[in-house]
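Student: I've got a model open and I'd like to learn how to read it feature by feature. Can you walk me through it?
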Amino acid sequence: MSILKTLLRGFGYTVAFALMTLFFTVLTFPEDRLRQYLEIVAGQATGGRMSIAELSLTGLSGVEVVDAVLKMPPPDGHAKDKPGGMLQIQNLEASASVLSLLDDVVDASFEATVQGGTVSGGRVVQAPDGLTLDIEEVADVRFGTVGLILKSIIGADIRGTMGARDLHVAYGTDWSSLEAALDIDLTDARLVDPTIPTKQLGPLSLSTMSLGQVQLTINAGKASALGIKNKKRGPGRKKDATVIRLANVGASGGDVEFQFDDQSIISIPDKAP
């Protein structure tokens, strides 16, 4: 959770610092120095290394980034001389509400070409008490070595081509405030060189597996809002826990097929980091 939170914050900070400085620097601050500044800020926020080929200011509250690359260090357990995950942004156009910047809130809209696909209808709101991210549509985004970044988050290097609609993620000061609605599909999905821990034999390294078509429909929020009843009784019962519901998670058409029960949930502890 902490790595995912770092990446989300890193994305938010990248957009935030770009747009917060535009209003005050558009007339006096050289674009090349702003590009270098954003590379440093993005690297500090994500723990990776960001390089931006071109950056230009548009109006008083907009920015266009061309050919940006975020390179992450290798996941834990990988040799340090091996490359980590890499995220390629061919083009990013973003604009912010100038009035919200004065209140220390970044309210930015964005469109992007990422990993050969498109991200449209994006909006990020970064405030001192949390972040909200909404995306209308994701089409034909190829994971590639982004799978190594996923391995740091979920422990699995998953590759494939991603599509999604009406994505929503919001959280406050900790993950117990998480709200999310994700409807994602992966085509030509595969699990690269998975490692399965065992007590008797230790970690078992397997060859790459085809997963075919993967569907991920996931909702997160308070249990009552998701229509989930609290089955615990007694004084230790949580009044309204934050949960992640795996409404439709499965894979078909590959070497491995699976389907989670649509009532499967993951509980998030209070004040989870």
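Student: Let's start with strand pairing. How many bridges join E2 to strand E3?

Tutor: Keep in mind that this is a predicted model. Nine bridges connect E2 with strand E3 (residues 86-96), and the two run antiparallel. For a specific rung, look at Val-66, whose bridge partner in E3 is Asn-91.

Student: And what about strand E1, how many bridges join it to E2?

Tutor: Strand E1 (residues 49-58) is joined to E2 by nine bridges, and this pair runs antiparallel. Here you can check Ile-52, which stands opposite Ala-68 in E2.

Student: Is strand E2 mostly covered or mostly open?

Tutor: Mostly covered: of the ten residues in strand E2 (residues 62-71), seven are buried. As a general idea, side chains in a regular strand alternate between the two faces of the sheet. For a residue of E2 that isn't buried, try Asp-67, which sits in that strand. Its relative accessible area is 44%, and since buried means under 20% and exposed over 50%, Asp-67 is partly exposed.

Student: What is the phi of Asp-67?

Tutor: It's positive, about 55 degrees, although Asp-67 is not a glycine. Asp-140 is another case to look at, with a positive phi near 60 degrees in a residue other than glycine. Asp-140 belongs to strand E6 (residues 130-142). With a relative accessible area of 51%, Asp-140 is exposed.

Student: Now the interior. Which residues have the most contacts inside the largest nonpolar core?

Tutor: The general idea is that in soluble globular proteins, nonpolar side chains tend to be buried together. In this chain the largest nonpolar core holds 53 residues, and the ones with the most contacts inside it are Leu-55, Phe-110, Val-138, Met-162 and Leu-178. Strand E7 (residues 158-171) gives this core its largest share, six residues.

Student: What does Leu-178 touch, once I skip residues up to four places away in sequence?

Tutor: With those left out, Leu-178 touches Val-169, Ala-170, Tyr-171, Ala-220, Gly-221, Thr-242, Ile-244 and Ile-268. Thr-242 in that list deserves a click of its own.

Student: Is Thr-242 buried or exposed?

Tutor: Thr-242 has 1% relative accessibility, so it counts as buried. You'll find Thr-242 in strand E12 (residues 242-252). Leaving aside neighbours within four places in sequence, the contacts of Thr-242 are Trp-175, Ser-176, Leu-178, Gly-221, Lys-222, Ile-266, Ser-267 and Ile-268.

Student: Which backbone oxygen lies 2.3 Å from a polar atom of the Thr-242 side chain?

Tutor: That one belongs to Ser-176. A similar thing to inspect is Ser-264: a polar atom of its side chain lies 2.8 Å from the backbone oxygen of Asp-261.

Student: Where is Ser-264 placed, and what is it in contact with?

Tutor: Ser-264 is in the loop between strand E13 (258-259) and strand E14 (265-268). Setting aside neighbours within four places in sequence, Ser-264 is in contact with Ile-244, Arg-245 and Leu-246. You can also pair Ser-264 with Ala-247: they are 17 residues apart in sequence, while their C-alpha atoms are 7.3 Å apart in space.

Student: How many aromatic pairs does a search of the whole structure find?

Tutor: Two. One of them is Phe-258 with Phe-260: the ring centres are 6.0 Å apart and the planes are at 90 degrees, so this pair is edge-to-face. Phe-258 is partly exposed, at 35% relative accessible area, and Phe-260 is partly exposed too, at 39%.

Student: Let's do one more loop. Where is Pro-197 found?

Tutor: Look in the loop between strand E9 (195-196) and strand E10 (204-205). Pro-197 has 68% relative accessibility, so it counts as exposed. Apart from neighbours within four places in sequence, Pro-197 is in contact with Gly-202 and Pro-203.

Student: Zooming out, how many helices and strands are there in the chain?

Tutor: The chain has four helices and 14 strands. Of its 273 residues, 42% are buried. Among contacts with a separation of 6 or more, 50% come from residues 24 or more positions apart. As for the surface, the chain exposes about 15,000 Å², with carbon and sulfur atoms supplying 56% of it.

Technical notes: Residues numbered from 1 in each chain as written. Predicted model: local features only at pLDDT ≥ 70, side-chain atom pairs only at ≥ 80, totals over all residues. Heavy atoms only, no water. Core = buried A, V, L, I, M, F, W, Y, C linked by side-chain atoms within 4.5 Å. Buried < 20%, exposed > 50% of the residue type's maximum accessible area, 1.4 Å probe, protein only. Contact = heavy atoms within 4.5 Å. Polar contact = N/O pair within 3.5 Å; in protein donor to acceptor, adjacent residues only side chain to side chain. Phe/Tyr/Trp six-rings, centres within 6.5 Å; stacked < 30°, edge-to-face > 60°. Pairing = 2+ DSSP bridges. Areas by Shrake-Rupley, 256 points an atom, 1.4 Å probe, with all protein chains shown as cover.
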